[in-house]
Amino acid sequence: MRIKYFGSTVGLAIGLAFGLAAGAQAQVKLAVGGPITGGSAAFGAQLKNGVEQAVEDINAAGGILGQKLSISIGDDRADPKEGVSTANKFAADGVKFVIGHFNSGVTIPASDVYLENGMLAITPAATNPKVTDRPGMWNMFRVCGRDDQQGIVAGALIAAKFKGKRVAIIHDKTTYGQGLADETRKAINGKGLKEVMYEGVNKDDKDFTALVSKLKGANPDLVYWGGLHDTGGLIVRQMRDQGVKAPLMGGDGLADDEFAAIAGPGADGTLMTYSPDPRNNPKNKAIVELFRKKRGFEPQAYTLYSYAAVQIIKQAAEQAKSLDPKKVAEVMHSGKAFDTVAGGIAFDKKGDVSNDGYIIGGKKKERYVLYTWKKGPDGKISYFENE
């Protein structure tokens with residue numbers, strides 16, 4: 001009896017030891033998916049740096065519900081097929097939470113994989129309405145605005161600033177670029193302004209001589225661009241080289257300083273719609289300096305929105321008292337606001353931010369956010385919020 005009792009005690013002790021060890025080693029598997037390489041790599045770097053710093057800070061504070069976060073990085077190269085492949089790898093690795101992707105055309109098919117595998121995803125940047133406007137997508141959220149919102153903002157600003165002027169619209173034929181161009185076109189048409197040119201180009205082209213010739217013939221006062229910074233930068237450079245002086249206006253796809261590096265001096269005067277810049281919030285002074293000094297990385301555009309996405313997962317999991325993605329999603333869909341570096345963020349039933357992502361200020365003093373690319377105190381061309 002004594003031996004049997006002793007053996008049972010040892011077995012129990014060993015079992016408890018293994019259980020404690022397993023608990024101590026348990027990790028919350030989180031991943032970030034985006035274009036780490038390729039023409040959109042500047043945005044991939046924003047997502048990656050934002051998520052990595054958030055994970056580091058959360059782990060230093062004890063993790064989520066006593067568990068530390070582990071992070072996987074997936075390079076989708078801004079390609080839908082690569083995005084699906086990346087999503088499947090995350091699923092196979094047991095990832096439960098994903099921050100990504102950047103491109104709408106990648107996010108939409110990848111989110112289907114996440115749905116099938118019970119994974120929750122938050123995109124900091126994919127703005128096409130279809131990201132969330134699909135039945136049964138309980139798992140898909142975004143901390144940015146939508147193209148139909150941004151198009152309304154762009155249309156209102158164009159109609160006000162270029163009333164009676166000649167506006168040309170061009171896009172890169174992608175889900176994001178053409179979607180934004182179409183929404184902006186719809187908005188300006190609704191205000192009685194008809195575009196003088198509407199043209200699509202291939203996003204991987206380098207020579208836009210034919211496009212610029214058409215622009216010269218259309219003689220626009222403004223060229224609206226639906227697309228990303230790399231192609232947009234090339235178009236601006238070639239416009240200026242061939243004597244087209246009309247300013248360019250685009251959306252959040254321009255929001256990286258690499259745009260000015262590609263466009264050259266011709267970037268000066270470019271207009272841009274984009275969400276409120278978290279770097280301008282005095283409360284974020286410490287985290288902004290942390291990115292600059294520790295990482296040597298300027299936390300522009302979607303960097304802090306990616307950081308905020310991880311903060312939301314932590315807060316929602318703690319409110320749910322669970323790391324089950326469905327239970328976390330239920331808290332996120334409840335309408336409760338989460339305190340983040342990107343401000344207070346609450347979601348509607350679709351998973352979109354409950355307020356318009358392109359408006360700043362309270363209800364009595366709302367205004368659309370507009371940025372202008374111009375030389376800063378350091379002599380470099382970057383984007384600055386219009387006052």
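**Exercise 1. Which residues are buried in helix 5?**

Solution. The model is a predicted one. Begin with the extent of the element: helix 5 covers residues 147–161, 15 residues in total. From its first C-alpha to its last, helix 5 reaches 20 Å, close to the 21 Å expected at 1.5 Å a residue. Next, apply the criterion that a buried residue has under 20% relative accessible area. The residues of helix 5 that are buried are Asp147, Gln149, Gln150, Gly151, Val153, Ala154, Gly155, Ala156, Leu157, Ile158 and Ala159. Eleven of the 15 residues are therefore buried, and helix 5 is largely enclosed by the rest of the structure.

**Exercise 2. Determine the strand order of the open sheet of five strands, and identify its edges.**

Solution. The order is 2-1-3-4-5, with parallel pairing. Strand 2 (68–75) and strand 5 (140–142) each have a single partner strand, so one side of each is left without a neighbour in the sheet. On average, neighbouring strands of this sheet are turned by 20° against each other, direction ignored. As an example of the pairing, take strand 3 (residues 97–100) and strand 4 (residues 120–123), which run parallel and are joined by three bridges. Here Phe97 stands opposite Leu120 in strand 4.

Finally, consider the helices placed against the strands. Helix 3 (residues 80–92) packs on the sheet and touches strand 1 (27–34), strand 2 and strand 3. The direction of helix 3 makes about 155° with that of strand 2. Helix 11 (residues 303–320) lies across strand 1, strand 2, strand 3 and strand 4, and runs at about 160° to strand 3.

**Exercise 3. Characterise helix 11 by its span and burial, and relate it to the largest nonpolar core.**

Solution. First, test the span: 18 residues at 1.5 Å a residue should give 26 Å, and the end C-alpha atoms of helix 11 are 26 Å apart, which agrees. Second, assess the burial: 15 of the 18 residues are buried, and helix 11 is thus mostly covered. Just after helix 11, Lys321 takes a positive phi of about 55°.

Third, turn to the core. The largest nonpolar core has 95 residues, of which Ile122, Tyr302 and Met332 touch the most other members. Helix 11 provides the largest share of this core, ten residues. Beyond its neighbours within four places in sequence, Ile122 has contacts that include Val98, Phe141, Ala309, Ile312, Ile313 and Met332. There is also a second, separate core of 15 residues, with Ala87, Val95, Val98 and Ala121 among them.

**Exercise 4. Trace the pairing from strand 10 through strand 15 to strand 16.**

Solution. Strand 10 (residues 271–273) and strand 15 (residues 370–375) run antiparallel, joined by three bridges. Leu271 has Thr372 as its bridge partner in strand 15. Thr372 in turn has Phe384 as its bridge partner in strand 16. Strand 15 pairs with strand 16 (residues 381–385) over five bridges in the antiparallel sense. These two strands form a hairpin with five residues between them, and Gly379 in the turn has a positive phi of about 85°.

**Exercise 5. Is Thr270 buried or exposed?**

Solution. Locate the residue first: Thr270 lies in the loop between helix 9 (258–263) and strand 10. Its relative accessible area is 0%, so Thr270 is buried. The side chain of Thr270 reaches the backbone oxygen of Ala267 at 2.8 Å. Leaving aside neighbours within four places in sequence, Thr270 is in contact with Leu248, Leu254, Phe259, Tyr371, Thr372 and Trp373.

Methods:
Residues are numbered from 1 along each chain as its sequence is written. This is a predicted model: local features need pLDDT of at least 70, side-chain atom pairs count only at pLDDT 80 or more; totals for chains, interfaces and linings use all residues. Side-chain values use heavy atoms; hydrogens and water are left out. Helices (H or I, at least four residues) and strands (E, at least two) are DSSP runs, numbered from the N terminus. The expected span of a helix is 1.5 Å times one less than its number of residues. Buried means under 20% relative accessible area, exposed over 50%, partly exposed in between (1.4 Å probe, protein chains only). Two strands pair if DSSP finds at least two bridges between them. Axes are lines fitted to C-alpha atoms, for helices over the stretch in contact, and angles run from 0 to 180 degrees between N-to-C directions. Contact means heavy atoms within 4.5 Å. A polar contact is a pair of N or O atoms within 3.5 Å; within protein, one must be able to donate a hydrogen and the other to accept it, and residues adjacent in sequence count only if both atoms are side-chain atoms. A nonpolar core is a set of buried Ala, Val, Leu, Ile, Met, Phe, Trp, Tyr and Cys residues joined through side-chain atoms within 4.5 Å.
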